[in-house]
Amino acid sequence: MSSLTPQEAATLLGVTVKTLHRWELNGKIRASRTAGGHRRYDIVDLIGNKSGNELTVGYARVSSHDQKDYLNRQVLVLESYCAKQGWEFEIIQDLGSGMNYKKKGLIRLIKLITSYQVERLVLTHKDRLLRFGSDLIFTLCESFGTEVIILNRSDDSTFEEDLAADVLEIITVFSARLYGSRSHKNKKIVDELREVAKKL
């Protein structure tokens, strides 16, 4: 079968039929018409459109403003690596908790991946994406044909270090909510929990 109906073409590209029509209006894809006036899409054109984008995205994240230097180092490492490979690339930066799934950069990255616009995703470390849930993003990458490159796998922290960092981040998130109410008592509890987490 060399031609596809709008629904079949939309399924192949992982978009809605409405998006398909918008792409056609913008000249991104072409459609032919049957004798009855129905749209048909050439599968060869669509596959070429799906795989033709060779954008590499480097993603860098830190949790707070006082880690700005670390963010700049991540960006420098990502830019140097991508440039050395000769790739066309874009760097997306985020400032926010690794437990926050609504960061502007992360949402943009997911939209790019799920619209088949990213050939590869480059990270300095796995946990730069999310503290919990990186594997979900990696599954999306696999489904949408995006290669994942993690530059510092050998330098990944140990299980105990990751666990301690996770516990501290959870405490930090909840302490921000607790401080507004009976803050003196709650601050003492949170500080004690932080000390325990540091010993893990």
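Where is the place of T124? Select T124 and you'll land in the loop between β6 and α6. (Helices here are DSSP runs of H or I with at least four residues, strands are runs of E with at least two, and both are numbered from the N terminus.)

Before moving on, a word on what you have open. This is a predicted model, where local features need pLDDT of at least 70 and side-chain atom pairs count only at pLDDT 80 or more, while totals for chains, interfaces and linings use all residues. Residues are numbered from 1 along each chain as its sequence is written, and side-chain values use heavy atoms, with hydrogens and water left out.

**Stop 1: around T124**

Stay on T124 and show its surroundings. T124 is buried, with a relative accessible area of 4%. (Buried means under 20% relative accessible area, exposed means over 50%, and partly exposed is in between, using a 1.4 Å probe and protein chains only.) Not counting residues up to four places away in sequence, T124 touches Q74, V77, L78, I150, L151 and N152. (Contact means heavy atoms within 4.5 Å.)

**Stop 2: the sheet**

Now switch to a cartoon view and pick out the strands. You'll find an open sheet of four strands in the order β5-β4-β6-β7, with parallel pairing. (Two strands pair if DSSP finds at least two bridges between them.) β5 (89-95) and β7 stand at the edges with a single partner strand each, so one side of each has no neighbour in the sheet. On average, neighbouring strands of this sheet are turned by 20° against each other, direction ignored. (Axes are lines fitted to C-alpha atoms, for helices over the stretch in contact, and angles run from 0 to 180 degrees between N-to-C directions.)

Zoom in on β4 (residues 55-62): seven bridges join this strand to β5, and the two run parallel. Select Y59 and look across to β5, where I92 stands opposite.

Next, add α5 to your selection. This helix lies across β4, β5 and β6, and runs at about 145° to β5.

**Stop 3: helix α6**

Select residues 134-143, which make up α6, and show the side chains. Which residues of this helix are buried? They are S134, I137, F138 and C141. These four cover an arc of only 100° around the axis, which puts them on the same side of α6. (The arc is that of the directions from the helix axis to the C-beta atoms.) Here's the background: an α-helix has 3.6 residues a turn, so residues three or four places apart point the same way.

Spin the view to the other side of α6 and you'll meet L136, E142 and S143, which are exposed. Then go back to the buried residues: they pack against α5 (104-114), β6 (118-123) and β7 (147-150).

While you're here, click on C141, which counts as buried at 0% relative accessibility. C82 is buried too, with a relative accessible area of 0%. Looking for disulfides? The count comes to zero. (A disulfide is a pair of cysteine sulfur atoms within 2.5 Å.)

**Stop 4: the loop after α6**

Step along to F144, in the loop between α6 and β7. F144 is buried, with a relative accessible area of 18%. Leaving out residues up to four places away in sequence, F144 touches I113, T114 and Y116.

Now select G145, in the loop between α6 and β7. Is G145 buried or exposed? G145 is exposed, with a relative accessible area of 58%. G145 also takes a positive phi of about 75°. Setting aside neighbours within four places in sequence, G145 is in contact with V118 and E119.

**Stop 5: salt bridges**

Last stop: select E119, R120 and E147, which are linked in a network of salt bridges. (A salt bridge is a side-chain nitrogen of Lys or Arg within 4 Å of a carboxyl oxygen of Asp or Glu.) Between E119 and R120, the closest N and O atoms are 3.3 Å apart. Between R120 and E147, the closest N and O atoms are 3.7 Å apart. That second pair links distant parts of the chain, with R120 in strand β6 and E147 in strand β7, 27 residues apart. R120 is buried at 8%, while E147 is partly exposed at 43%.

For one more salt bridge, show the side chains of D135 and K126, which meet at 3.4 Å, N to O. D135 counts as partly exposed at 47% relative accessibility, and K126 counts as partly exposed at 33%. The full count comes to six salt bridges.
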